[in-house]
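Open the model in your viewer and keep the selection tool ready. We will go stop by stop.

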Amino acid sequence: MTKRICVGILLIIIGFQYVTAQEEVENTIPVMDTLPDANYREDQFYIGITYNILQNRPSGISQNNLSNGLHLGVIRDFPINKKRNKAIGIGLGYSYNAYFHNLKATQTDNGITYQEIESDENFKRNKYRTHIVELPIEFRWRTSTAETYQFWRIYAGFKAGYVLLATSKFVGDSGDLKFTNDDFNRFQYGLTLSAGYNTWNFHVYYGLNQLFKDETKTLEGESFDMNAIKVGLMFYIL
């Protein structure tokens, strides 16, 4: 389902890119006696698609399948210089993240236990999912003007998030498991960087805190120090 959503989003963005290019051509005709818009700002909707990497995994734990993320929201632009090509951006967004791996979570009367899936156990899917509301804050540099529709940009910043819902899901020969996982840290935060030209931009998020609470351990007593790195594409739409 997530793959279909991502494909649909890409088709919408490609269509938007074509329309924007047509408008760029139409606006190449010189206009006399026009002044830059003193109220020009880059308020934008954003849509991002990422590959999610789990760092500092417990020993023996590896990722499998496509750990993916879908991120969307809106950012308000506050220019800080006369040329209005530098600004602070503050936004509000939503983030869906899936992490596929071989660390099985099982809900018991004494809490949730974590153990590596045995090599002889057949399973179709094992993943954690999070739904997060996010607050991105960016320092923004771009080559845009009020009359320019295509430009270079570098946006560097910080993103704080609150986990609305986290779930664990296992589908295998030993039975199916699905439950809400309260071992996730509710607050997630990290550094972000988006850079590129026009609608298409490289994006990276580096998580500064652990995904799980400090007391979370495997059955072997190994602590969780996992944090997330998300790498992908970010699309900005006016």
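The tour starts at one strand, then moves to its partners and two surface patches.

This is a predicted model: local features need pLDDT of at least 70, side-chain atom pairs count only at pLDDT 80 or more, and totals for chains, interfaces and linings use all residues. Residues are numbered from 1 along each chain as its sequence is written, and side-chain values use heavy atoms, without hydrogens and water.

**Strand 10.** Select residues 200–207. Strands here are DSSP runs (E, at least two residues), numbered from the N terminus. In a regular strand, side chains alternate between the two faces of the sheet. Here N201, H203, Y205 and G207 make up the covered face. W200, F202, V204 and Y206 lie on the uncovered one.

**Its partners.** Add strand 9, residues 187–197. It pairs antiparallel with strand 10 over 8 bridges (pairing takes at least two DSSP bridges). Y197 sits opposite W200. The two strands form a hairpin with 2 residues between them. In that turn, N198 has a positive phi of about 60°. Now add strand 11, residues 227–237. Strand 10 runs antiparallel to strand 11, joined by 7 bridges. Look for F202 opposite L233.

**Loop after strand 10.** Select D214, in the loop between strand 10 and strand 11. Is D214 buried or exposed? D214 is exposed, at 61% relative accessible area (buried is under 20%, exposed over 50%, partly exposed in between; 1.4 Å probe, protein chains only).

**Back to strand 9.** Finish on F187 in strand 9. F187 is exposed too, with a relative accessible area of 58%.

Note on methods:
Helices (H or I, at least four residues) and strands (E, at least two) are DSSP runs, numbered from the N terminus.
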